[in-house]
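Here is a short briefing to read with the model open beside you. Take the points in any order that suits your bench work.

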Amino acid sequence: MGRVTERRRVVRIRNGTTGVRPDTLVAEEPLEIRLNGKPLAITMRTPGDDFALAVGFLVSEGVLARPDEVRAVTYCEGAAEDGSNTYNVVNVQLASGVPVPDITLERNVYTTSSCGLCGKASLDAVRTATRFPGATAADAVRVPAGLLALLPDRLRAAQKVFDRTGGLHAAGLFTAEGELLDVREDVGRHNAVDKIVGRALQAGRLPLAGAVLLVSGRASFELAQKAVMAGIPVLAAVSAPSSLAVDLALESGMTLVGFLRGPDMNIYAGEQRILLES
């Protein structure tokens, strides 16, 4: 498996002084996801938690909802021309009886580390029906605004690779009481969320009722969709949401918070779940 970080030579200029030194960079490599042996998607990711990333991606696609729907997840041998294993190709074998989606050219099969849904045929194609209908809207969890304000620092403190590289996105899964359940880092924010969701599926914890998902960047439509597909009631981001993410949150009954920076935040949807101090 590839390393999470790599070393590169860099010319560093500080306060007018120039020097040459090694620098630690976050690794970025392609991962091909196959479903029952057939190519489904390629994403640029930081190596690590590849199996969770693959099954989390399939949760977002509406293929998986329970751990028993997965027969096996394996790296594909002979992926390189010389027959060696590159650890950059993962095959997800579905359990017997699990419907296999129609893999056609209408679906974009290449995603980048910045946008996992670029090139989808239409918005209708990404409004996938969740396997947990109504779970997000019906979730009665409440989160104090003061507690929500503490979560970005808790997430940042858990970003071990970011401390060494400064080049990773993070997704953190919290309880309504602020307990950090899981944190994943990746060069792509959508990959970090897929790893969180995939690990939850593997542990049999979907839907993620009562959970708060915090992302270190902006809240795109794609991240909102992934949260809804996993049954997450509260999505918060330290940066801005997109208009389509807000629309989806309103439609699905999810709480969406943006610009979460200390005690300041914008609540774009589902404000009833955020308890304001009197």
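In this predicted model, α1 and α7 are roughly perpendicular to each other, because the angle between them is about 90 degrees and angles of 65 to 115 count as roughly perpendicular. Their axes lie 6 Å apart. The notes below start from this pair, then turn to a second pair of helices and two single residues.

**Where α1 meets α7**

- On the α1 side, the contact is made by F51, A52, L53, V55, G56, F57, V59 and S60.
- On the α7 side, the partners are N191, D194, K195, V197, G198, R199, L201 and Q202.
- Sorted by character, the residues of this contact comprise 8 nonpolar, 5 polar and 3 charged.

**The surroundings of α1**

- Helix α1 spans residues 50–60 and is mostly covered, with 10 of its 11 residues buried.
- Those buried residues are D50, A52, L53, A54, V55, G56, F57, L58, V59 and S60.
- Which elements cover them? Strands are part of the answer, including β3 (29–35), β4 (38–45), β5 (70–75) and β6 (89–94).
- Helices contribute to the cover too, among them α7 (189–202) and α8 (221–229).
- After α1 comes G62, a glycine with a positive phi, near 80 degrees.

**Helix α8 and its neighbour α9**

- Helix α8 is mostly covered as well: 9 of its 9 residues are buried.
- The buried residues are F221, E222, L223, A224, Q225, K226, A227, V228 and M229.
- How do α8 and α9 (residues 243–252) lie relative to each other, and what is the angle at which they cross? Their axes come within 7 Å and cross at roughly 20 degrees.
- That angle is under 35 degrees, so α8 is roughly parallel to α9.
- The crossing of these two helices is right-handed.
- From α8, the residues that make the contact are F221, A224, Q225 and V228, and from α9 they are L244, A245, L248 and S252.
- By character, this contact is made up of 6 nonpolar residues, 2 polar and no charged.
- G231 follows α8, and its phi is positive, near 75 degrees.

**A closer look at A224**

- You will find A224 in helix α8.
- A224 counts as buried because its relative accessible area is 0%, and the cut-off is under 20%.
- Beyond its neighbours within four places in sequence, A224 is in contact with L235, A245, L248 and M254.
- A224 and P241 are separated by 17 residues in sequence, and their C-alpha atoms are 9.1 Å apart in space.

**A closer look at T255**

- T255 sits in strand β12, which covers residues 255–261.
- Is T255 buried or exposed? With 0% relative accessibility, T255 is buried, because buried means under 20%.
- Which side chain makes a polar contact with the side chain of T255? The partner is the side chain of R273, at 3.0 Å.
- Setting aside neighbours within four places in sequence, T255 is in contact with P233, V234, L235, A269, G270, R273 and I274.
- L235 therefore appears in the contacts of T255 as well as in those of A224.

Terms used. Residues are numbered from 1 along each chain as its sequence is written. This is a predicted model: local features need pLDDT of at least 70, side-chain atom pairs count only at pLDDT 80 or more; totals for chains, interfaces and linings use all residues. Side-chain values use heavy atoms; hydrogens and water are left out. Buried means under 20% relative accessible area, exposed over 50%, partly exposed in between (1.4 Å probe, protein chains only). Helices (H or I, at least four residues) and strands (E, at least two) are DSSP runs, numbered from the N terminus. Contact means heavy atoms within 4.5 Å. A polar contact is a pair of N or O atoms within 3.5 Å; within protein, one must be able to donate a hydrogen and the other to accept it, and residues adjacent in sequence count only if both atoms are side-chain atoms. Axes are lines fitted to C-alpha atoms, for helices over the stretch in contact, and angles run from 0 to 180 degrees between N-to-C directions. Angles under 35 degrees count as roughly parallel, over 145 as roughly antiparallel, 65 to 115 as roughly perpendicular and the rest as oblique. Ala, Val, Leu, Ile, Met, Phe, Trp, Tyr, Cys and Pro count as nonpolar, Asp, Glu, Lys and Arg as charged, and the others, Gly among them, as polar. A crossing is left-handed if the near helix is turned anticlockwise from the far one by less than a right angle, and right-handed if clockwise.
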